[in-house]
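Visitor: I would like to go through a structure with you, one part at a time. Could you show it to me, please?

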Amino acid sequence: MNYTTPEGRCHAVSRALAGSATVLGGLVLAGWAFDVPMLKAVIPGLATMKPNTAFCFVLGGVALGVRSGPQAWRRVGQLCGALVLVIGLATLAEYVLHLDLGLDALLFRDPHPTPGAPYPERMSEMTALSFASAGGALLFLDSRRAPVAAEILALVGVLVALIALVGYAYGARALYAVAPFSSVALHTALGLAALSLAILCARPDRGMVAVLIGDAAGGAMARRLLPLAVALPLALGWLELEGERIGLYGTSFGTGAYAVSNIVIFSAATLWCAISLSRSDAERLRAERELKRSNEELERFAYVASHDLQEPLRMVGNYVQLLGKRYKGKLDADADDFIGFALDGALRMQRLIEDLLAYARVSSRGAEPAPTDANAALAHALASLKLATDEANAVVTHDPLPVVPADPSQLEHVFLNLIGNALKFRSSERPVIHVTAAPRDSEWLFSVSDNGIGIEAQHFDRIFVIFQRLHGREAYPGTGIGLAIAKRIIERHRGQIWVEARPGQGSTFFFTLPATGRSS
Amino acid sequence: MTTIPAVPIEILLVEDNPGDVRLTREALKDAKVRNTLHVAMDGVEALAFLRKQGKYAAVPRPDLILLDLNLPKKNGREVLEEIKQDDALSHIPIVILTTSQAELDIVESYRLHANAYVTKPVDLEQFLKVVGSIEEFWLEIVKLSHP
């Protein structure tokens, strides 16, 4: 596992927290099995963690722990999550409908029940609510359809834990005990915090957590303000209470002082963040302007260069040819050869210049992405390639493709290029080319696979560099512009392009396109 | 072939590159249409030729103008604009010759009412073909104006 990236560290934190929840649950279950009061209630006299609560911690921890395992394990994990959800919901139902489903004392009976408590083994409403949410969060954790659901549900557990822990810290019983005989035990609150945070940290790649650990300005600001938002009111509140308790001041003074210090410190922190944010924003704007200017300059340069280079080149090409036309056979064989080489060079250079111009034009002449039917783009590309396809006796198939935000002619160009390459770099077998697209988070993953000559792994990056070629011009003609233009087009559409291939076993080119356009 | 006029057609080539002038001359040598090629090396000279100013007092009015876009002193676009604004000259068909394939040039030339637009190719055979097509273009024009 990689601990050097924020995502890797997030996963590590998630596993550590899930592990502690499991261990906590296990210890408390042992406490019930062997009647150890210290394990059941931490401090004798405080509320006990109920057997089902402990069991749910074990299940929740296991559900998170086996997530990265093989398929069968993940099934077990899903089952554990579902069980947590069922126990939470059933207990809530017991409270709301005044039922006794017999769930509470299923594992252990309380040997020392609190006098007057109707169900001494039943977890509190708040705990049950937290487990119902946590169970749901575990089930939604890897769902593609409801990426936010897991986070919101996990936050319920964090909130319950926070309320209960603050209740314990401040000695406010009402915060951890909703009704008599039903309170969140101290270690239950800690366990809930651990389990819920573990669920949140389990998917650092999306949602709130992704923003929080991300490089963007939003994440940086949240990382500064959040610790303060949690620690400051807690500390100030505790100070206020203690001051009041030892008789330094009354409630109104204490609350006033609490409010004022909160206002002052938060305002200062917000201003500090605002200053550093606007500074980095100004820098970013400057860099953007600079980039835009240099891009425009590059395009102008490419245009001017291509025009001004072509002028003398035409002279060379035309007159060498005229020389050949008039004096072929009148000089000697060497002269004819030399004329041939000179002409070949001139023609090749013209192609390079034209390609360079085409490369520069990807961004300067590209249309704004609009909803484009990829099926139509592919059909156009295949129509242009009909001759080459027939000549190679190739079979080109495709799955239904989506509508994506793109410049239609540029998307067509990408297909044209990738399929053209698949035809060009074919093996001795009959070419079989397949085009697919599959949804992936907020984007579409396209692939064009062939059974051609393949590519060695060491060249995977090189083939996308302008004018880089892997083969001699004799074997495969071309300047080496195609994939460079495809890459520039895909990157202009905020996607990525790469290849997976093995020599002699065909290649698959992948590219991604956002599923929806920028919402602006 | 009966439409080929007996009088040679007068062509004005506005081109600053001697290489291109020579090539055009070579290509027109083999042309089906009898022609006389006049050359102006820049935009100012071209307009002086067309308006028969100074040393051009005795030159004939051209039947066809081949105009390069990149010229010294006054560029091809300016020349084109001036010709099209001049009632005495605006009827003369103009073919734009240029090295640049940039769409910008094409768009701008059409906006300025050039009659045709031709990119000078690197390949000689293509160049000859281009001159051939200019000839055909000319014959079309003749057919249209003398039915």
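**A conversation about two chains**

Guide: Let us begin where the chains meet: 16 residues of chain A are in contact with 11 residues of chain B. Please keep in mind that this is a predicted model.

Visitor: Which elements give two or more residues to the side of chain A that touches chain B?

Guide: They are helix 11 (251-327) and helix 12 (333-364) of chain A. Helix 11 of chain A contributes the most to that side, with 13 residues.

Visitor: And how do the residues on that side of chain A divide by type?

Guide: Seven are nonpolar, six are polar and three are charged.

Visitor: Let us turn to chain B. How many helices and strands does chain B have?

Guide: Chain B has five helices and five strands. Read from the N terminus, its elements follow the order β-α-β-α-β-α-β-α-β-α.

Visitor: What share of the residues of chain B count as buried?

Guide: Chain B has 147 residues, of which 35% count as buried. Consider also the contacts in chain B between residues at least 6 apart in sequence: 66% of these join residues at least 24 apart.

Visitor: Which residue of chain B has a positive phi although it is not a glycine?

Guide: Lys52(B) does, with a phi of about 55 degrees. Lys52(B) is located in the loop between helix 2 (43-50) and strand 3 (64-68) of chain B.

Visitor: Why is Lys52(B) classed as partly exposed?

Guide: The class follows from a count of neighbours: Lys52(B) is partly exposed because 14 other C-beta atoms lie within 10 Å, whereas a buried residue would need 20 or more and an exposed one would have 12 or fewer.

Visitor: What can you say about phi at Arg494(A)?

Guide: Phi of Arg494(A) is near 60 degrees, which is a positive value in a residue other than glycine. Arg494(A) sits in the loop between helix 16 (482-492) and strand 8 (497-501) of chain A. Arg494(A) is partly exposed, with 14 other C-beta atoms within 10 Å.

Visitor: Now the interior. Which residues touch the most other members of the largest nonpolar core?

Guide: In this core of 58 residues, they are Val84(A), Ala134(A), Ala137(A), Ala198(A) and Ile199(A). Several helices of chain A supply at least two residues each, including helix 1 (6-34), helix 4 (71-97) and helix 5 (125-140). Helix 8 of chain A gives the most to this core, with 11 residues.

Visitor: What is Ala134(A) in contact with, leaving aside its neighbours within four places in sequence?

Guide: Its contacts include Gly60(A), Val84(A), Leu153(A), Leu195(A) and Ile199(A). Apart from this core lies another, of 40 residues, with Val404(A), Val435(A), Ile463(A) and Leu513(A) among them.

Visitor: At what angle do helix 4 and helix 5 of chain A pack?

Guide: The angle between helix 4 and helix 5 of chain A is about 150 degrees, and their axes are 7 Å apart. Angles over 145 degrees count as roughly antiparallel, and the two helices are therefore roughly antiparallel to each other. Helix 4 of chain A passes helix 5 of chain A in a left-handed crossing.

Visitor: Which residues meet there?

Guide: Among them, Gly81(A), Val84(A), Leu85(A) and Gly88(A) belong to helix 4 of chain A, while Ala128(A), Phe131(A), Ala134(A) and Gly135(A) belong to helix 5 of chain A. The residues of this contact divide into 14 nonpolar, six polar and one charged.

Notes
Residues numbered from 1 in each chain as written. Chains lettered and ligands numbered in written order. Predicted model: local features only at pLDDT ≥ 70, side-chain atom pairs only at ≥ 80, totals over all residues. Contact = placed C-beta atoms within 7 Å. Helix = DSSP H or I, 4+ residues; strand = E, 2+ residues; numbered from the N terminus. Nonpolar A, V, L, I, M, F, W, Y, C, P; charged D, E, K, R; others polar. Core = buried A, V, L, I, M, F, W, Y, C linked by C-beta atoms within 7 Å. Axes fitted to C-alpha atoms, helices over the stretch in contact; angles between N-to-C directions. Parallel < 35°, antiparallel > 145°, perpendicular 65-115°, else oblique. Left-handed = near helix turned anticlockwise from the far one by under 90°.
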